[in-house]
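Visitor: I am new to this one. Could you walk me through how to read it?
Guide: Gladly. Let us look first.

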Amino acid sequence: MIPTTFRLLVKSLRFEIAAVLVGALLLAGAALVVTAHLNSLGMPRDCLYEVSGPPPVEPTAEQAAHDAACGAKRQTFYILVNEEADRVFALMAVFPIGGGLIVGVPLVAREIEWGTAPLAWTLARSRRRWLVGRAVPLGVVLAVVLAAPAFSGQLLEGAAEPSLDPGASFQDFGLRGAPLIGLGVLSYGVAVAIGTAMGRQLPALIVAGCMAVGLLVVSDGALRTLGRGFTSVVDASTVEVPLGSFVVDEQIRDPDGVLHPIVNSATYVGDGPPGGGTYVWLLLPGDRYPAVASVFSGVLAAVALGLVGASAEIIERRRAS
Amino acid sequence: MRITLRLLVKGLRFELAAVVLGALLLSGAALVVAAQLNAVAIPRDCLYASSTGPVAMPLKDDPAFEAHEAACQAKRQTFYTLDNDVAAQVMALMAPFPLLAGLLLGVPLVGREIEWGTAPLAWTLARSRRRWLLARALPLAVVLAIVLALPALTAEVLEGARDPLANPWTSFTDAGLRGPLLVGRGLLTFGLAVGVGALLGRQLPALIVAGVVAVLLLSAGDIARTEGTRGLATAVPSDATPTSGSLFVNQALRDQAGMLHPTSEIVIGSTGEVANGMELVTLIVPAAKAPLVDGTVAVAFGALGFLLIGGTALAVERRRAS
């Protein structure tokens, strides 16, 4: 039953699946090529700006010699990072959303728009099962396809930031690894639900696209909310933000150790926080990336599954045309 | 004709409404941000003198300079924060908008009729398939151009607020994100989308293919425009400050006969002067040439869009109806 359903599903969506697959392979390939370029430079770690800092304004003879030795490699490395790696990462932001929409919208909307839904729903024992039997395997396929750019994004991050372990850094969060797959699966869930509700492909694509872009904006807030369970409190006046960590919030710690949100930072400028308190960061250290990324991706996948479930309820009550 | 238009608008009401709404929101955002930037009222001598700016900043570390800097600091911070955090983002949205608008209106125009199986009836009722297509595509192209003119104009206003030293109508800065080029991009994408929709006869595949081809075509157009513009460059002394909005092309060496040589041949003496009687010059395209360049490219994009619609009319004549 499942192989037949799946074969028919792949056949009817072959163009969209092929487009997403080709896009994923091209994007992953581009990431790997740029990674290889960056690695082939053999950039010494002490030439990286985040390790050595930017060139000093009035360098000592020793610093000047170091800068001169680093100069050529530095220039090539950072041009590659800015002009190629950053472009690939920009595409990594858009691709999972676009891929989820392209595969998710036609799943039900096309059947309704083409008028084939009544026949399919009559033949299926249950509309709900019909939908879940199509949506869940396709979601898994999408996740597997997105794993290619997600994994190559991790490699690119490691090459573009050699001083950081990409598995222990929040830099470029969402543009690589499991969160990228989570965002794609979430936009797929949104697209399936909107497609089911609207029953027309292009209008559903427009609405789902707007909602997915909104979700991108919301996902930053979601990371901050989810991240609160993993934060460390660090004194902002004595410690610099460690590389690869993520500042969830800045607050004021009073002398009793109680944290207060900053209501209006402009009123504190120059005099420091009132009542002898200190500014603190609620910080997600880089080593908590695996846990936060897993929870973040898991929550997105669960929301997507919930949306597919909601689509199953919608479809049960929906007119077939 | 009126009935055709009414039916056309009815058939594409969702897509039309989405494009109009998007254009209004984008234009509104551009105007609001422009008003916010203007409200900062940053003095001209507080603007950072970029390589293209004509404002001469005091270079000496004297008390007058310190006082000037202190007086500018607050307004500078507000202005450039607003410019980088908000205005740049609104301007960035001007890049994909004409592309999306062209795709959303162009793909379903014929593609949906074929996909839904209503094309055979429409083509049987129409006296000519070609006329049927042109009577739908041309008015829609005009509507699209009018709708896109709104963000194109408001982006000019925003550009003027972002760079008060330049006249946005004669400036190469952010070219393509505003003015006639924005409308031209939309028309080219629309023509392409109509053609791909008619050829493939399925909306989503046509949207994907037309989207990819449009991005490639527009990128190629941008490269051609950049290369073509370089040919208009003139040499000015390297220490001269060109008008704001001019396009920097390169630096070169000018010999005594007036011939230009690449800077790889540069020989600098111990005191910093260029040896061999050569003069270091900057190749720029003056800002005054921007309307000519942008207008020509916009017309070329628009003409290509209409040409594609004409090609589609021929293709529709030979196409199977399902």
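Visitor: In what order do the four strands of chain B form the open sheet?
Guide: One note before that: this is a predicted model. Now the general idea. Strands of a sheet pair through backbone hydrogen bonds, either parallel or antiparallel. Here the order is β1-β4-β2-β3 in chain B, and the pairing is antiparallel. Strands β1 (234-237) and β3 (260-262) of chain B stand at the edges. Each has a single partner strand, so one side of each is left without a neighbour in the sheet. From one strand to the next, the twist averages 50°.

Visitor: How many bridges join strand β2 and strand β4 of chain B?
Guide: Seven, linking residues 247-254 of β2(B) with residues 279-285 of β4(B) in the antiparallel sense. Take one residue as an example: B:Asn250 has B:Leu283 in β4(B) as its bridge partner.

Visitor: Which side chains of B:Glu279 and B:Arg254 meet, and in what?
Guide: Start with the principle. Side chains of opposite charge can pair when their charged atoms come close. The side chains of B:Glu279 and B:Arg254 do so in a salt bridge, at 3.1 Å from N to O. B:Glu279 lies in strand β4 of chain B and B:Arg254 in strand β2 of chain B, so the pair ties together parts 25 residues apart in sequence. B:Glu279 is partly exposed, with a relative accessible area of 32%. B:Arg254 also counts as partly exposed, at 24%.

Visitor: How many salt bridges does a search of the whole structure find?
Guide: It finds 17 over all chains. One of them joins B:Arg130 and B:Glu317, whose closest N and O atoms are 3.7 Å apart. B:Arg130 lies in helix α6 of chain B and B:Glu317 in helix α9 (residues 290-318) of chain B, so this pair ties together parts 187 residues apart in sequence.

Visitor: Is B:Arg76 buried or exposed?
Guide: Buried: its relative accessibility is 2%. Its side chain meets that of B:Glu69 in a salt bridge (3.0 Å, N to O).

Visitor: What should helix α2 of chain B span?
Guide: Count 1.5 Å a residue. The 28 residues of α2(B), 13-40, should span 40 Å. The end C-alpha atoms are 41 Å apart, which agrees. Just after α2(B), B:Ala41 takes a positive phi of about 50°.

Visitor: Which residues of α2(B) are buried, and what covers them?
Guide: Among the buried ones are B:Leu16, B:Val19, B:Leu26 and B:Leu37. The cover includes α8 (201-227) of chain A. From chain B it includes α1 (2-11), α3 (63-93), α4 (96-116) and α6 (129-162).

Technical notes. Residues are numbered from 1 along each chain as its sequence is written. Chains are lettered from A and ligands numbered from 1 in the order in which they are written. This is a predicted model: local features need pLDDT of at least 70, side-chain atom pairs count only at pLDDT 80 or more; totals for chains, interfaces and linings use all residues. Side-chain values use heavy atoms; hydrogens and water are left out. Helices (H or I, at least four residues) and strands (E, at least two) are DSSP runs, numbered from the N terminus. The expected span of a helix is 1.5 Å times one less than its number of residues. Buried means under 20% relative accessible area, exposed over 50%, partly exposed in between (1.4 Å probe, protein chains only). Contact means heavy atoms within 4.5 Å. Two strands pair if DSSP finds at least two bridges between them. Axes are lines fitted to C-alpha atoms, for helices over the stretch in contact, and angles run from 0 to 180 degrees between N-to-C directions. A salt bridge is a side-chain nitrogen of Lys or Arg within 4 Å of a carboxyl oxygen of Asp or Glu.
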